[in-house]
4 protein chains.
Amino acid sequence: MAGNTFGQAFRITTAGESHGPGNVVIIDGVPAGIPLTVDDLVVDLNRRRPGQSHITTQRDEADLPEILAGVFEGRTTGTSIAILIRNTDQRSKDYGDIKDVYRPGHADFTFDAKYGFRDYRGGGRSSARETTARVAAGVVAKRLLSDALGARVVGYVHQVGKVEAQVAHPEEVTQQQVEQLADGSPNIIRCPDHAAGAKMIKLIEKVRKEQDSIGGAATIVATGIPAGLGEPVFDKLKADLAKALFSLPAVLGVEYGIGFGCATMRGSAHNDHFVPRREGETSPVSIPAIDGITTNTNRHGGMLGGISSGLPIILKAAVKPTSSLPLEQPTMTSQGKPKTIRTKGRHDPCLLPRFIPMAEAMVAIVLADHWLRWCGQKNWKSSPGER
Amino acid sequence: MAGNTFGQAFRITTAGESHGPGNVVIIDGVPAGIPLTVDDLVVDLNRRRPGQSHITTQRDEADLPEILAGVFEGRTTGTSIAILIRNTDQRSKDYGDIKDVYRPGHADFTFDAKYGFRDYRGGGRSSARETTARVAAGVVAKRLLSDALGARVVGYVHQVGKVEAQVAHPEEVTQQQVEQLADGSPNIIRCPDHAAGAKMIKLIEKVRKEQDSIGGAATIVATGIPAGLGEPVFDKLKADLAKALFSLPAVLGVEYGIGFGCATMRGSAHNDHFVPRREGETSPVSIPAIDGITTNTNRHGGMLGGISSGLPIILKAAVKPTSSLPLEQPTMTSQGKPKTIRTKGRHDPCLLPRFIPMAEAMVAIVLADHWLRWCGQKNWKSSPGER
Amino acid sequence: MAGNTFGQAFRITTAGESHGPGNVVIIDGVPAGIPLTVDDLVVDLNRRRPGQSHITTQRDEADLPEILAGVFEGRTTGTSIAILIRNTDQRSKDYGDIKDVYRPGHADFTFDAKYGFRDYRGGGRSSARETTARVAAGVVAKRLLSDALGARVVGYVHQVGKVEAQVAHPEEVTQQQVEQLADGSPNIIRCPDHAAGAKMIKLIEKVRKEQDSIGGAATIVATGIPAGLGEPVFDKLKADLAKALFSLPAVLGVEYGIGFGCATMRGSAHNDHFVPRREGETSPVSIPAIDGITTNTNRHGGMLGGISSGLPIILKAAVKPTSSLPLEQPTMTSQGKPKTIRTKGRHDPCLLPRFIPMAEAMVAIVLADHWLRWCGQKNWKSSPGER
Amino acid sequence: MAGNTFGQAFRITTAGESHGPGNVVIIDGVPAGIPLTVDDLVVDLNRRRPGQSHITTQRDEADLPEILAGVFEGRTTGTSIAILIRNTDQRSKDYGDIKDVYRPGHADFTFDAKYGFRDYRGGGRSSARETTARVAAGVVAKRLLSDALGARVVGYVHQVGKVEAQVAHPEEVTQQQVEQLADGSPNIIRCPDHAAGAKMIKLIEKVRKEQDSIGGAATIVATGIPAGLGEPVFDKLKADLAKALFSLPAVLGVEYGIGFGCATMRGSAHNDHFVPRREGETSPVSIPAIDGITTNTNRHGGMLGGISSGLPIILKAAVKPTSSLPLEQPTMTSQGKPKTIRTKGRHDPCLLPRFIPMAEAMVAIVLADHWLRWCGQKNWKSSPGER
């Protein structure tokens, strides 16, 4: 029942499959007057797009969005925004031999169980192709956060296989570090520890040659978010952020702050302590929660009681290795007969580089949603005349 | 804005604070005719209640629920159910000295930032006391799942500090193993590996003596859930389960199946393979997804593409060490002055034993919700005459 | 499925039946800091309560509310508010003979069709008793509108049978005119045209003697609502107001502004014209929509394109005659046998006087909801520091 | 905030303006396997389209829909459906002189008040052009109701000015009577009383010549709806239907059954009585609510306690005269200066003929929504294996 909508005040609704005409998103609740153009959308769509480097899939989709509604003379109108990203490189024939076969790790089997049939040309609605719509909506959310708060959301690849990035201050990572190497060339792995990134790329190249894939983990950081976002019980900020990240394909785990590391910690070592904020201090607390108070450490990942504390919000997501493999794998047909399957190229050996813009988008959408939700509560007495 | 409601088809709305008159839940969407009594509710409320053993807080709250609406002659009526659990042992005076002090790790600071003031007698709405309402609703969800599907939800303590349980088959753990030792005495730690449980208890006793607290992790397993629950994009079953668990106090991480372990795995080792289901086979696949097909392993934790696969659903949650400590901790007052704080007894040295019924409740609520959501979709052609 | 919640930003969820322990409402989304006491609630509950005059039912229910959550030291906390109104005068035995009989005009038959059984002691969830919860929530909404905007919602009885009130300026009717006669005695009919009201009372007395009931219509006016409330398409203000009024028992029709009168009008006679607003003008435009502009007439009932125009919002609802009658009526049993039924006293001969506070409550709830919804949109850039 | 979504289980979300690229609807919650083609959509879009006869506007828009998602090989997939209807005949230049002028009766003024600016080329989001998206969604809802229940929704023009249709049995009106005259030629007025329809057409022709417009009323009837749809309190079927109709442009009043006529009735004359259903009886009760029981009359309009009774659901909506007039009207500019305005042709002299498919669509959407909502509740025990 109706599971294609996300958010309350900033609300997105999507439709679209991998092999249909295209993917569309309706964004509802965006305030009037925010500048928005197709060019804005293209930036992150290009970071998500296939074929962007030799360590991603070689499918080539231009992902040119069309704004169908909600923008007039370059500004949002306050009414619902619709964006369409057409599918161009569908190549249905590539998928003919998977028509009756349940690809391991994919949703073919569960779709058949749920719906009785499925779009056998590919993942259909379960394909990561649907994330184009999310990434487009994420651009609008990022813009809103930036204009309202000067806030930003930056994601990066933290781990590929056993190679982990060393990042002392996640809240100081810039998008430039994520997107470019020191020489200005593209940082195709999106790891801000460029030395680790080089190792990750080598590992991915090795895995690809062996017709296999590899998992990893991503970190997403939001800075400039003031204290007060999130609701106390079910709609805790951590809960909505977790749902957002888990709603992305291939995510098997999410943690924030110290995360699973808390299981072995004592309270005395775990608690962050409230301390006076020093004059001019901008990091790790870029926005004062309540003037003059901050915490000396950020094991709490920027959220206490599910409400933002003013410190950077820091999340980590585990991403499984790509399920589609050039290697032959045993499986079953929908008629219950054993069969083997192998993917004929054009799949990502590692999902992480393209996962970053998707994860950023979902985090930005949750934060924009909670920001607007809170705005209504805290400004309920403001005079109607003022805009 | 309005964050006290959870679920769509099986929908709960709660209110209540630690030091107010009580906690109340309205459960909407429960089908008519399900047997329900106060005694049913008491079972899990007693598993959640403080003072149940020497390793939990010694506060003593009877937690006797009253069914205010929605039940007639012992059966649900199909209309909204309301349950009230009054607060009895409030002892406001215990909390007098925390009136102006931000307790480390608590929501005092973020509540002040969000609302401008707070119920200074305790956690108020951020207190884990609000979970009484969830646990009561969870009983109704469990009953629905049991009556409709024969499904069950069992949680247990997997880890306390560095002590981890060895559980070869999580899906075979019974509630009896979790609640009782071999000799029938109460298993106060709720770990089905009784040897590990004994070590956990010793660790908690040690931590308590040292006026400290300790973190841990819990596993929650749902069996008997058929393939097909969950929606493809935002309302993936994994996403709603993660939101549910993260909405509980103290949860810093959630994973399912192989979880964060996937980051270092290759696709060829990670994918579960579809295989024929053997006659009479009941484990690990207790419910056939599609007749005759299952997977040989369950690294996917019972969900593929965010939709249940028919295999046991297996989740893990990381729970931080209790923030309130008898040990003295430095902090600040709301006026920005440094001060120290220590909790005068009566707090849990480890949250895990009492976390289990809360986590089971939230998992059951999500599954009941998705089951009802799916029922409408798959039975839309059924004749109106039949009930 | 889950139909006991109303509103988005100001959201109420209710439970309760006529013959259960009581009725409860959870109000979610109320900003922090609004003064609220039990005494505030009692005012409107007393206007709704049975037994308030000789022209209403003689059942006597005290309707004393208890605030269970969400209020601390006399102010709303920003978290969910719960209010319980216990049932006191249930007298189940009065209803014994209606156990198997479908009362004409009631929901007995449709409840059996929907749920397979029903609370046979009375209307159960379909009883107007559930409106106690709405009236309590309405008090909170009225307070919010008053504090934020100086706005007020006033309802009155416009018509009983063929007796219609003559009210030249609905927007100028005060609550005092509705509640009191010139001599200060209670205006039990709640018609501000006291001469017409006297005729209505006589008509009701006559109908009562003849063991019958009579229908009527109510007008509800909201003044002080600024231009801008309501969303352009589905959540038009008129649409949400209509849903709110139709959700009340016995309402068969709703119109606003010129209403059904528009069917015979020409556009040239129907359109209200925009004109300059005169200095100091307070009526009919009590709040300037956009400085200096208003309309010279208000056939549009304060809403254009479903969005408030700044002029008074004027609605009318048709209320059917009470279905329960002392007169004998033919009907059927649930086993399909013909039977007659008569209600043994204690029902309202005319629903209108007690309908007024219910209708005011629902209108106030919609306006509070849309006000908060809009606040988030128009104040999204406000600095986080300011509260 | 987010007001572009309607429905819960059958949920539509729309975007689009009169002068943007097009209008789009995402339909969520549609079960898998329902046949759907572009040709199905075109039928009702053509009934809504401008330029269809000499008594409607002469704008000519082809309204050719494109199914962007959710349909595979001619059947719904169970995932979200997206439909795009591009705008073709925008003629922006026609609207140049209304840029700064508030058209009487339109939303120009309230949009400026709400958003601070507006798409000055036309109605933008407030234009009835957005109903193309609703009509497309209505086709899917009608198909679902037809396939699941054999139910149908038929609307017709009941009144134009003072000309009223005489229709003894609204539940027996067929779509053919509404769409065609006896000789097979198009019934351009959509009134099943063809004699009255001829008078309506003459009235409209007269009004058009006089550069004016005229109001009217429409009746919408749903037959084949079983007893049991609707929720007891807020989501009463009558409440959701009223919201649906009031959400359409130009609707000022809605009633069902006896409607406002109830105000002057006595209970003894108003109540419909339950009687045995005669063998083979098909009208007015086309579907047995509970076998063997029906009512002898249908003043209750097919809903009791807000829940369908199995009798035909009968609604009436008042539609105001078109606000845009060729006649010169006085108004104001957004700068507060008086100015006159006249619409240069191409607007409907009477909205009713084109209103019918819009109203049918909204009624069908509500019924499909409540049908799916109920399906989940009444089939919650059905075995998972069966589909």
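This report walks through a few helices, strands and chain contacts of the structure above.

Keep in mind that the model is predicted: local features need pLDDT of at least 70, side-chain atom pairs count only at pLDDT 80 or more, and totals for chains, interfaces and linings use all residues. Residues are numbered from 1 along each chain as its sequence is written, while chains are lettered from A and ligands numbered from 1 in the order in which they are written.

Let's start inside chain A. Helices (H or I, at least four residues) and strands (E, at least two) are DSSP runs, numbered from the N terminus. Helix 3 of chain A covers residues 131-149, and its 19 residues reach 26 Å from first C-alpha to last. That is close to the 27 Å expected at 1.5 Å a residue, where the expected span is 1.5 Å times one less than the number of residues. Is this helix mostly covered or not? Of its 19 residues, 16 are buried, so to speak mostly covered. Buried means that 20 or more other C-beta atoms, placed from the backbone, lie within 10 Å of the residue's own. Right after helix 3 of chain A comes A:Gly150, with a positive phi near 70°.

Next up is strand 8 of chain A (residues 152-160), with 8 of its 9 residues buried. Two strands pair if DSSP finds at least two bridges between them, and strand 8 of chain A has the partners below, along with one partnership between chains.

| Strands | Sense | Bridges | Residues standing opposite |
|---|---|---|---|
| 8 and 10 of chain A | antiparallel | 8 | A:Gly155 and A:Ile220 |
| 8 and 9 of chain A | antiparallel | 2 | A:Gln159 and A:Glu164 |
| 11 of chain A and 11 of chain B | antiparallel | 3 | A:Glu255 and B:Gly253 |

The hairpin of strands 8 and 9 of chain A has 2 residues between the strands, and A:Gly161 takes a positive phi near 55° there.

Now for the chains together. How many residues of chain B are in contact with chain A? There are 94, meeting 94 residues of chain A; contact means that the C-beta atoms, placed from the backbone, lie within 7 Å. The chain B side has 41 nonpolar, 36 polar and 17 charged residues. Here Ala, Val, Leu, Ile, Met, Phe, Trp, Tyr, Cys and Pro count as nonpolar, Asp, Glu, Lys and Arg as charged, and the others, Gly among them, as polar.

Finally, a turn of 180° and a shift of 0.0 Å along the axis lay chain B on chain C with an RMSD of 0.0 Å, superposed by least squares on C-alpha atoms of residues with pLDDT of at least 70 in both. The two copies are therefore related as by a two-fold rotation axis. In chain B, the C-alpha nearest that axis belongs to B:Thr13, 3.7 Å away.

Definitions and conventions
Two residues are in contact if their C-beta atoms, placed from the backbone, lie within 7 Å. A residue is buried if 20 or more other C-beta atoms lie within 10 Å of its own, exposed if 12 or fewer, and partly exposed in between; C-beta atoms are placed from the backbone.
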